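Visitor: I've got a model open and I'd like to learn how to read it. Could you walk me through a few features?

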Amino acid sequence: MARVRARLAELDKEQRLLLQELSALEAQQTAEIAAQAKRPSFENAPVTNMSTSGEKVELFRNLFAGRPDVFPVRWENRKTGRAGYSPACFNEWVKGICGKPTVKCGDCKHQRFIPPDANVIERHLRGGDGPSADFVAGVYPLLRDDTCWFLAADFDKDSWAEDAGALLETCRAKGVPAALERSRSGNGGHVWIFFGEPVSARTARQLGSALITETMERRPEIGFASYDRLFPNQDTMPVGGFGNLIALPLQHSARRVGNSVFLDQDLQPYEDQWAYLSTLPRMSAEAVADLVAAAEASGQVLAVRMPVDDENADEPWKMSPSRRPKAKPADVVVPPNIKVTVADQVYIDRTGLPSAMIAQLVRVAAFQNP
């Protein structure tokens with residue numbers, strides 16, 4: 001009887017342990033099922049991690065299309081710590097031909113720019129031995145006819161993830177397909193919107209301005225301090241220039257440490273970056289125009305922050321990761337009293353101050369006196 005009772009006690013203890021283990025396994029299974037349901041399956045993705053290099057490069061070139069005749073490449077002087085981007089050119093630093101740094105690339109008579117062909121993109125994505133592992137290619141989004149294939153919003157500073165997430169919420173509410181990429185440095189992000197056909201740069205920038213304006217109105221507590229600028233930066237091509245550049249994503253070295261990749265709503269990298277990108281919808285020019293027209297009718301298209309000119313920056317290595325220099329005091333006398341008329345969300349400037357300053361004052365006033 002003592003032996004049987006002892007055995008029953010052992011069985012009771014084992015049963016309790018097994019029940020605890022079963023409960024933990026069931027909870028883990030429930031969490032995995034919920035996570036799987038939340039995670040896109042990309043079952044019909046035309047391009048995946050298992051696709052060929054050629055298929056991946058072709059998708060990449062179609063999505064991140066910019067100037068087809070020239071691309072910027074990142075350079076770094078490890079002795080001086082200087083770094084920046086310059087147009088890739090076959091004649092760069094060729095003695096007796098290249099006039100750098102005296103002659104700007106846009107003004108050079110010996111231009112032999114390298115096009116961003118499949119080999120360039122594969123080198124950017126795959127890396128290689130020695131210096132090739134750190135090869136970073138960029139793109140000039142503004143085309144010669146003042147159109148573009150995509151719009152990108154740049155965010156940096158500590159609040160970049162929160163601010164970019166708020167913009168993505170607005171995009172979802174408006175039916176605008178947008179993708180979030182963690183920047184190459186890991187200290188910022190880019191929100192990308194791709195077009196199915198070339199769109200006027202002016203219209204694309206109006207779309208970005210409208211989305212950002214609505215996001216700030218919907219969530220004024222955020223402040224959008226991390227927002228830097230839009231790409232393309234200009235409505236029209238500057239004379240003798242290329243427009244501002246943006247670094248291409250999925251760069252080899254940065255991707256190895258979790259940067260330069262696209263993120264889900266939990267800020268985690270998609271397991272299959274190629275499947276995600278190949279199933280991401282692209283906006284038509286008509287859809288972009290309709291959204292801009294609706295925003296203009298409601299007075300929601302405000303001026304967006306103007307960029308610095310990367311090509312004319314004398315010391316790009318001293319700039320922030322976004323390449324924006326420190327703000328300088330405005331050369332304007334601020335009056336002691338400011339009169340702002342708010343009528344049906346249309347802001348009227350009666351002060352003579354810069355429009356960007358007026359827009360910020362109005363947003364503050366609207367937040368304090370809703």
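Guide: Let's go through the sheet, then a few helices and a loop. One thing up front: this is a predicted model.

Visitor: Fine. Which order do the strands of the sheet have?

Guide: The open sheet has five strands in the order β7-β4-β6-β5-β9, with antiparallel pairing. Its edge strands are β7 and β9 (262-263), each of which pairs on one side only.

Visitor: How many bridges hold β4 to β6?

Guide: Strand β4 (residues 147-155) and strand β6 (residues 189-200) pair antiparallel over eight bridges. You can check the register residue by residue: alanine 152 is opposite tryptophan 192 in β6, and aspartate 154 is opposite histidine 190 in β6.

Visitor: And what stands opposite alanine 152 in β7?

Guide: That's phenylalanine 231. Strand β7 (residues 227-231) and β4 pair in the antiparallel sense, with four bridges.

Visitor: Is β4 mostly covered or mostly open?

Guide: Mostly covered: eight of the nine residues in β4 are buried. As a general idea, side chains in a regular strand alternate between the two faces of the sheet. Here, being buried takes a relative accessible area under 20%.

Visitor: What about β5, where does that go?

Guide: Strand β5 (residues 179-182) is joined to β6 by four bridges, and the two run antiparallel. Glutamate 181 has histidine 190 of β6 opposite it. Together β5 and β6 make a hairpin with six residues between them. Look in the turn for glycine 186, whose phi is positive, about 85 degrees. Towards β9, two bridges join β5 in an antiparallel pairing, and leucine 180 has leucine 263 of β9 as its bridge partner.

Visitor: Now helices. How do I tell which way one faces?

Guide: Start from the general idea: an α-helix has 3.6 residues a turn, so residues three or four places apart point the same way. Now take helix α3 (residues 118-126), where Val120, Ile121, His124 and Leu125 are buried. Those residues lie on the same side of α3, because they cover an arc of only 130 degrees around the axis.

Visitor: Which elements do the buried residues of α3 pack against?

Guide: The buried residues of α3 pack against α2 (53-63), α6 (252-256) and α7.

Visitor: What do Val4, Leu8 and Leu11 form on the surface?

Guide: Val4, Leu8 and Leu11 form a nonpolar patch, with about 240 Å² of accessible area together. Leucine 11 sits in helix α1 (residues 2-38). Why is leucine 11 called partly exposed? Because its relative accessible area is 37%, and the partly exposed class lies between 20% and 50%.

Visitor: Last one: where is arginine 282?

Guide: Arginine 282 is in the loop between α7 (273-278) and α8 (285-297). Arginine 282 is partly exposed too, at 38% relative accessible area. For loops, it helps to list contacts beyond the sequence neighbours. Setting aside neighbours within four places in sequence, arginine 282 is in contact with Leu59, Asn62, Leu63, Phe194, Phe195 and Gly196. You can also compare sequence separation with distance in space: arginine 282 and glutamate 197 are 85 residues apart along the chain, while their C-alpha atoms are separated by 8.6 Å.

Definitions and conventions
Residues are numbered from 1 along each chain as its sequence is written. This is a predicted model: local features need pLDDT of at least 70, side-chain atom pairs count only at pLDDT 80 or more; totals for chains, interfaces and linings use all residues. Side-chain values use heavy atoms; hydrogens and water are left out. Patches are made of residues with over 30% relative accessible area and no salt bridge: like charges are joined within 9 Å, nonpolar side chains (Val, Leu, Ile, Met, Phe, Trp, Tyr) within 5 Å. Accessible areas come from the Shrake-Rupley method with a 1.4 Å probe; for residues, only the protein chains shown count as cover. A salt bridge is a side-chain nitrogen of Lys or Arg within 4 Å of a carboxyl oxygen of Asp or Glu. Buried means under 20% relative accessible area, exposed over 50%, partly exposed in between (1.4 Å probe, protein chains only). Two strands pair if DSSP finds at least two bridges between them. Contact means heavy atoms within 4.5 Å. The arc is that of the directions from the helix axis to the C-beta atoms.
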